[in-house]
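Visitor: I would like to take one part of this model and look at it closely, with its surroundings brought in step by step. Please show me the structure before we begin.

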Amino acid sequence: MIVKLLDVYVRPTHFFATRKIKRLRYRGLFLAVLVLMSIPFVRIGLGNLVGLFGDGYFAPYSIVFAFSLWQTPMAIMWQQVMLVPFYALGLVFSAAFLHFLLWMARGKNASYAATMMCVCYAVPCLYLSVFPYSGTITAVIYTSIFLAYSLKAVHQTKWSRVLPVIALNFSVLFVVCRLLFS
């Protein structure tokens with residue numbers, strides 16, 4: 001059973017090549033939003049679990065760190081609930097932007113629902129960001145590789161059309177984040 005669940009992340013080309021998506025399924029979007037909501041809790045839980053063994057590697061993610069920022073676990077939970085619409089809109093706009101870029105590169109051979117499915121299935125790759133120091137960059141790299149393979153398989157296009165789309169997508173993402181958070 002677990003092998004079946006992880007098959008999409010081990011062999012994305014095979015998984016997405018067998019799928020023909022015509023309409024948008026909201027189950028994938030719901031799952032992606034739940035995954036995005038759970039990442040802070042996994043980060044804190046992993047920090048507490050490893051903190052029991054005396055390893056300082058996860059110290060920045062411990063519950064003591066969360067309390068020192070005056071955020072109790074209940075406050076973090078409330079914050080995640082308030083962010084649900086922004087998570088959903090971010091996924092929808094991200095998929096729309098990727099679909100637009102694929103259209104510009106003449107690599108769009110499937111529907112928007114197929115692009116949205118690729119974006120929603122890429123979200124659990126962000127669980128790699130729970131590891132401190134190198135986790136975030138690893139998550140971004142693995143997400144971009146996963147998106148490239150899945151978009152290539154779903155849209156049945158060439159690498160020369162998918163790779164510039166992925167590169168431009170993450171470049172724009174970094175510029176937008178820099179403008180919003182600086």
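Visitor: Leaving aside its neighbours within four places in sequence, which residues is Asn 169 in contact with? Please start from there and work outward.

Guide: The model is a predicted one, and what follows should be read in that light. Leaving aside neighbours within four places in sequence, Asn 169 is in contact with Phe 97, Leu 98 and Leu 101. Asn 169 itself is found in helix α9, and because its relative accessibility is 10%, under the 20% cut-off, it counts as buried.

One of those partners, Leu 98, is a useful next step. Not counting residues up to four places away in sequence, Leu 98 touches Thr 115, Val 119, Leu 147, Leu 151, Val 165 and Ile 166 as well as Asn 169. Leu 98 also belongs to the largest nonpolar core, which has 36 residues, and there it is listed with Phe 16, Leu 91, Leu 147, Leu 151, Val 154 and Ile 166 as touching the most other members. Helices α2 (12–17), α3, α6, α7, α8 and α9 each supply at least two residues of this core. As a general matter, nonpolar side chains tend to be buried together in soluble globular proteins.

For the setting as a whole, the protein chain has 9 helices and 0 strands, and 35% of its 182 residues count as buried. Among contacts between residues at least 6 apart in sequence, 70% join residues at least 24 apart.

Helix α8 offers another buried position, His 155, whose relative accessible area is 0%. Not counting residues up to four places away in sequence, His 155 touches His 99, Leu 102, Gly 107, Lys 108, Asn 109, Ala 110, Ser 111 and Thr 115; Thr 115 is also among the residues that Leu 98 touches. Gln 156, by contrast, lies in the loop between α8 and α9, and because its relative accessibility is 52%, over the 50% cut-off, it counts as exposed. Gln 156 has a positive phi of about 50 degrees although it is not a glycine, and this deserves a note, since most residues other than glycine have a negative phi.

Helix α7 holds Ala 113, which counts as buried at 6% relative accessibility. Ala 113 is 90 residues away from Arg 23 in sequence, yet the two C-alpha atoms are 5.5 Å apart in space. Turning to the cysteines, Cys 118 is buried with a relative accessible area of 0%, and Cys 125 is buried with a relative accessible area of 3%. The count of disulfides comes to 0; Cys 118 is in none, and the nearest cysteine sulfur to its own, that of Cys 120, is 9.5 Å away.

The largest pocket has a volume of about 1,400 Å³. It is lined by 32 residues, of which Leu 36, Gly 90, Leu 126, Leu 173 and Cys 177 are the closest to its centre. Two or more lining residues come from each of α3 (26–51), α6 (84–104), α7 (112–122), α8 (135–155) and α9 (159–180), and the largest share, 9 residues, is that of α6. Sorted by class, the lining of the largest pocket has 25 nonpolar, 6 polar and 1 charged residues. Helix α9, the helix in which Asn 169 is found, is thus one of the elements that give two or more residues to this lining, and α9 also supplies at least two residues of the largest nonpolar core.

Two further pairs complete the view. Leu 34, found in helix α3, counts as partly exposed at 39% relative accessibility, and its C-alpha atom is separated by 9.3 Å from that of Tyr 87, which is 53 residues apart from it along the chain. Met 82, found in helix α5 (residues 73–82), is likewise partly exposed, with a relative accessible area of 47%, and its C-alpha atom is separated by 10.0 Å from that of Met 37, the two residues being 45 apart along the chain.

Notes. Residues are numbered from 1 along each chain as its sequence is written. This is a predicted model: local features need pLDDT of at least 70, side-chain atom pairs count only at pLDDT 80 or more; totals for chains, interfaces and linings use all residues. Side-chain values use heavy atoms; hydrogens and water are left out. On a 1 Å grid over the protein atoms alone, a cavity is a set of points where a 1.4 Å probe fits but cannot get out, and a pocket is an open set with protein on both sides within 12 Å along at least five of seven lines; lining residues have an atom within 4 Å of a point. Grid points are joined across faces, edges and corners, and a volume is the space filled by probe spheres set on the points. Helices (H or I, at least four residues) and strands (E, at least two) are DSSP runs, numbered from the N terminus. Ala, Val, Leu, Ile, Met, Phe, Trp, Tyr, Cys and Pro count as nonpolar, Asp, Glu, Lys and Arg as charged, and the others, Gly among them, as polar. Buried means under 20% relative accessible area, exposed over 50%, partly exposed in between (1.4 Å probe, protein chains only). Contact means heavy atoms within 4.5 Å. A disulfide is a pair of cysteine sulfur atoms within 2.5 Å. A nonpolar core is a set of buried Ala, Val, Leu, Ile, Met, Phe, Trp, Tyr and Cys residues joined through side-chain atoms within 4.5 Å.
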